[in-house]
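Colleague: I'm new to reading protein models, so could you walk me through this one? I'd like to know the reasoning behind the words people use.

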Amino acid sequence: MEYYVYTYFYEDGTAYYVGKGNHKRIFMRHDVPVPEQHLIQYFPFETEVEAWDTEIQLIALYGRQQDGGTLMNRSTGGKHGGAGVTY
């Protein structure tokens, strides 16, 4: 099974969401708006562990809005997706 990490961008190039998925998750509606395809960056991986690690790294790179970054992500990513969630 192939896993991937994706980043959603606004037209101005600002990242606003990082997610991990498989199958068609990248285009499914969830808590954030899904942009047009040309505004999505996609990184495929052979293992889910690689995808989780990359998701964590990208969220740390761009930063969550609650931490002064640009991402709408509530968690810090990874296997236990609720890590770092604050309301």
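Colleague: What share of the protein's residues count as buried?

Modeller: Of its 87 residues, 39% count as buried. Keep in mind that this is a predicted model. A residue earns the word "buried" with a relative accessible area under 20%.

Colleague: And how much surface does the protein expose?

Modeller: About 5,500 Å², with carbon and sulfur atoms supplying 53% of it.

Colleague: What makes up the fold, going along the sequence?

Modeller: There are 1 helix and 3 strands, and the pattern reads β-β-β-α.

Colleague: How do you know that the strands form a sheet, and in which order do they sit?

Modeller: Two strands count as paired if there are at least two bridges between them. Strand β1, residues 3-9, is joined to β2 by 7 bridges, and 6 bridges join β1 to β3. Both numbers meet the cut-off of at least two, so β1 pairs with β2 and with β3. The order is β2-β1-β3 in an open sheet, and the pairing is antiparallel.

Colleague: Why are β2 and β3 called edge strands?

Modeller: Each of them pairs on one side only: that goes for β2 (15-22) and for β3 (40-45). On average, neighbouring strands in this sheet are turned by 15° against each other, if you ignore direction.

Colleague: What holds strands together in general?

Modeller: Strands of a sheet pair through backbone hydrogen bonds.

Colleague: Which residues stand opposite each other here?

Modeller: T7 of β1 faces V18 in β2, and Y6 has G19 in β2 as its bridge partner. Towards β3, Y3 stands opposite F45. By the way, β1 and β2 make a hairpin with 5 residues between them, and G13 in that turn has a positive phi of about 90°.

Colleague: What makes you say that β1 is mostly covered?

Modeller: Count them up: 7 of its 7 residues are buried. Y3, V5, T7 and F9 point one way, while Y4, Y6 and Y8 point the other way, and all are buried.

Colleague: Why do they split into two groups like that?

Modeller: Because in a regular strand the side chains alternate between the two faces of the sheet.

Colleague: Now T70, in the segment after α1 (48-62). Is T70 buried, exposed or partly exposed?

Modeller: Its relative accessible area is 32%. Buried needs under 20% and exposed needs over 50%, so T70 is partly exposed.

Colleague: What does T70 touch, beyond its neighbours within four places in sequence?

Modeller: T70 is in contact with T14, A15, Y16, Y62, G63, R64 and Q65. A contact needs heavy atoms within 4.5 Å. Y16 sits 54 residues from T70 along the chain, yet their C-alpha atoms are separated by 5.6 Å.

Colleague: How much do pairs 24 or more positions apart add to the contacts?

Modeller: They account for 42% of the contacts with a separation of 6 or more.

Colleague: Last one: how much space is in the largest pocket, and which residues are closest to its centre?

Modeller: The largest pocket holds about 340 Å³ of space. It is lined by 17 residues, and the closest to its centre are Y17, R25, D31, N73 and R74. β2 and α1 each supply at least two residues of the lining, and the largest share, 3 residues, comes from β2.

Notes. Residues numbered from 1 in each chain as written. Predicted model: local features only at pLDDT ≥ 70, side-chain atom pairs only at ≥ 80, totals over all residues. Heavy atoms only, no water. Helix = DSSP H or I, 4+ residues; strand = E, 2+ residues; numbered from the N terminus. Axes fitted to C-alpha atoms, helices over the stretch in contact; angles between N-to-C directions. Buried < 20%, exposed > 50% of the residue type's maximum accessible area, 1.4 Å probe, protein only. Areas by Shrake-Rupley, 256 points an atom, 1.4 Å probe, with all protein chains shown as cover. 1 Å grid on protein atoms, 1.4 Å probe; cavity = no way out; pocket = protein on both sides within 12 Å on 5 of 7 lines; lining within 4 Å. Points joined across faces, edges and corners; volume = space filled by probe spheres on them.
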